[in-house]
Amino acid sequence: MKIRKFSFGKIVDCNSVIKDIKTENGEIPYFFNENGKLTLKFKKEDLVYGLGENVRGINKRGWIFESYCSDDPNHAQDKRSLYGAHNFLIIHGVDRSFGVLIDTPAKVKFDVGYSNNEKLYIDVEGNNYDLYIIDGDNLNDISREFRALIGESYVPPKWAFGYQQSRWSYKDEEEVRTIGDKFRDKNIPIDCIYLDIDYMERFKNFTVNREAFPNFEDMVSDMKKDGIRLIPIIDAGVKIEEGYDIYEEGVEKGYYCKDKDGKPFVAAVWPGRVHFPDFLNSEARLWFGKKYKWLVDKGIDGFWNDMNEPAIFYSEEGLKKAYEKVEESKNKNLDIYSFFALKDAFTGLSNSQADYNSFYHNMDGNIIKHNDVHNLFGHNMTRSAAEGLESIDSNKRFLLFSRASSIGMHRYGGIWTGDNTSLWEHLEMNVKMMPNLNMCGYLYTGADTGGFGGNCTEDLMKRWFQFSIFTPLFRNHSAMGTRKQEPFAFGEETEGTLKKFIEFRYGFIPYLYSEYMKASINNELMFKPLSFDYNDEISRGVEDQILLGDSLMLAPIIKQNAKGRYVYLPEDMLMVKAKSLDEINYEVMTKGHYYIEADIDEFIFFIRKDKILILGDSAKNVESIKNEELDVTVFLEDRANYMLYDDDGKSKEYIKGIYNNINIEIKNEDGDINVNCEVKGQTNVKKLNITVILKDKDNIKKCYKF
Ligand code: MIG
């Protein structure tokens, strides 16, 4: 048996996606009990992967993490929690590797060699959980087993792989249209523009501010005709306002989380006072999910769910206590203790434990304190949306991603990694997070390119674009009040460079989409640490290079003013140095260490030995890409294979087997290069332009016509 499950009186079973397997009573392998904590003795060489959305390295050893969905915009290295709660780890040793899933909706502490550098302590609040131990022959196998346990990852529409522009402060119709027009006038490809909270009427979900957006429906349809989709935000809190139908309906039907007296719990977020829909209640979840129809009927095809940790600015009770503190402090000599107590009464108002302990869910008859199921809230908000959208059009793929999440939500939507800052460190964190997010099931993911908070510099923007070219979600988003970050916000030279990078991204979509779909269907990783495929000592320690899909290794430049970087090649590879789709250089490199120069306007990545890169065309948006001819580049020693997957990009017909594959096989038979292609299904591709690159020999050009 590869997966073993042990149960410790889990109070609620609310993760609908984890497959039901038999519980065992025997001894738990690998772990022992130390002071009530699940404990593992590390071996010196053990690496620890997983924990999804988190600070620090790809290898998590040496720090302490807490799974507790948190709205904290300061993603510094000393943090223990971000927005997601991803309780899955892989311990990778020399003689044994295995995966660990802690299935619980409550807080979990993962002390990964922090208190004692030789030990891993796992401490589950309330001690109610299911523990899964996943064995496998190798890391890829363990990861695949785990993903099969939690189910197939969400699949977005293909247009969601295009470039996306966002900024919190696009305040009215004219501004949104102008942004779109600028992209079109300047011929910069784009697929989506985001509508942040300003499109709503006083921050009420499923309303439109008609003063700022008088012709919302026309705007949506005009822009969609031009290939630009508008993606509105939905917040977790429902504004308390007489006459607001959703508020009133929810109260009447009892669909909100309750306080200890059984009244709808009052918190405050954007609109001021709100109620939280009880997403853990199946009726309430269905009710809220169906509300998305109001926007779908206006031509909307995608959404982002925000503030669903849930973020709480303040609660009535918290505010009351803070005011009391003010009263009590008036006319007093405030010394160090009383002054800070007064200050903390306000600074500690948001996202407080006291508040998370003061409201309740009705899980279909079972009344449960929020804190015990905290990590399921955002998860179930996104489930609500996904199920609602499914009920609106069951064959259509909608774009959907969330800020908060936990293990299992990956079936319903993607995630973006929240309010990062325009810092080089956060670009680095973006790179390191990708493999761990993938391990936890999140394939449709990416960071706010350029950084959300703070002011982005031109060089950081360029380097960040160079990485985001490769991430499924490529969205440039920034906060109100910060320096503008659109590709044309910085001046002509930078605009030209960013445009070329976006065009490169569009050319990269055949490979990216193919790898995405195969990863989702086969429970594989798109992004992996090198050690998944290379078992040498050095690869095990590489933290700033990652594999992407079947063929590529990425080595992004993530340091300010660096004119290049050190790269480790675990085997012979083909270096790709690119400035744009038309300015690409290839160079064969043998296994080893290098310093590779790459100016700010160029980026590097590598094609692995006997592997294939596919590049297509750019276009103004994904749906207008023609791709009748594709460029195939192979770094060949013996034999290379690639299966290029494609489908209609918008329906769920692929589940029924309606997709197409081009199987490309290129062989070196004693210097004779032979190409074989097989097509399954209907493809628009008419011709492959093949470049075969061999070590120590001249390149060979081939062409394959269908
Ligand atoms: O407290 O809607 O993470 O992307 O722009 C800020 C405004 C609320 C947080 C999201 C961010 C979004 C912002 N929201």
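Mentor: In this predicted model, the lining of the largest cavity divides into eight nonpolar, five polar and two charged residues.

Trainee: What makes a space a cavity here, and not a pocket?

Mentor: A 1.4 Å probe fits in a cavity but cannot get out, whereas a pocket is an open set. By this rule the count comes to five cavities of 30 Å³ or more. The largest has a volume of about 120 Å³.

Trainee: Which residues are closest to the centre of the largest cavity?

Mentor: Asn 15, Asp 103, Thr 104, Pro 105 and Leu 376 are, out of 15 lining residues.

Trainee: Which strand gives the most to that lining?

Mentor: Strand E8, residues 97–103, with three residues.

Trainee: Now the helices. Why is H5 called oblique to H10?

Mentor: Start with the angle. The axes of H5 (residues 282–291) and H10 (residues 377–392) cross at roughly 60°. Perpendicular needs 65 to 115 degrees, and parallel needs an angle under 35. The crossing angle fits neither range, nor the one over 145, so H5 is oblique to H10.

Trainee: How do you know which residues make the contact?

Mentor: Contact means heavy atoms within 4.5 Å. From H5 come Arg 285, Phe 288, Gly 289 and Lys 290. H10 gives several, including Asn 380, Met 381, Arg 383 and Leu 389. By class, the contact has four nonpolar, five polar and four charged residues.

Trainee: How close do the two axes come, and what is the hand of the crossing?

Mentor: The axes come within 7 Å. H5 passes H10 in a right-handed crossing.

How values were computed. Residues are numbered from 1 along each chain as its sequence is written. This is a predicted model: local features need pLDDT of at least 70, side-chain atom pairs count only at pLDDT 80 or more; totals for chains, interfaces and linings use all residues. Side-chain values use heavy atoms; hydrogens and water are left out. Axes are lines fitted to C-alpha atoms, for helices over the stretch in contact, and angles run from 0 to 180 degrees between N-to-C directions. Helices (H or I, at least four residues) and strands (E, at least two) are DSSP runs, numbered from the N terminus. A crossing is left-handed if the near helix is turned anticlockwise from the far one by less than a right angle, and right-handed if clockwise. Ala, Val, Leu, Ile, Met, Phe, Trp, Tyr, Cys and Pro count as nonpolar, Asp, Glu, Lys and Arg as charged, and the others, Gly among them, as polar. On a 1 Å grid over the protein atoms alone, a cavity is a set of points where a 1.4 Å probe fits but cannot get out, and a pocket is an open set with protein on both sides within 12 Å along at least five of seven lines; lining residues have an atom within 4 Å of a point. Grid points are joined across faces, edges and corners, and a volume is the space filled by probe spheres set on the points.
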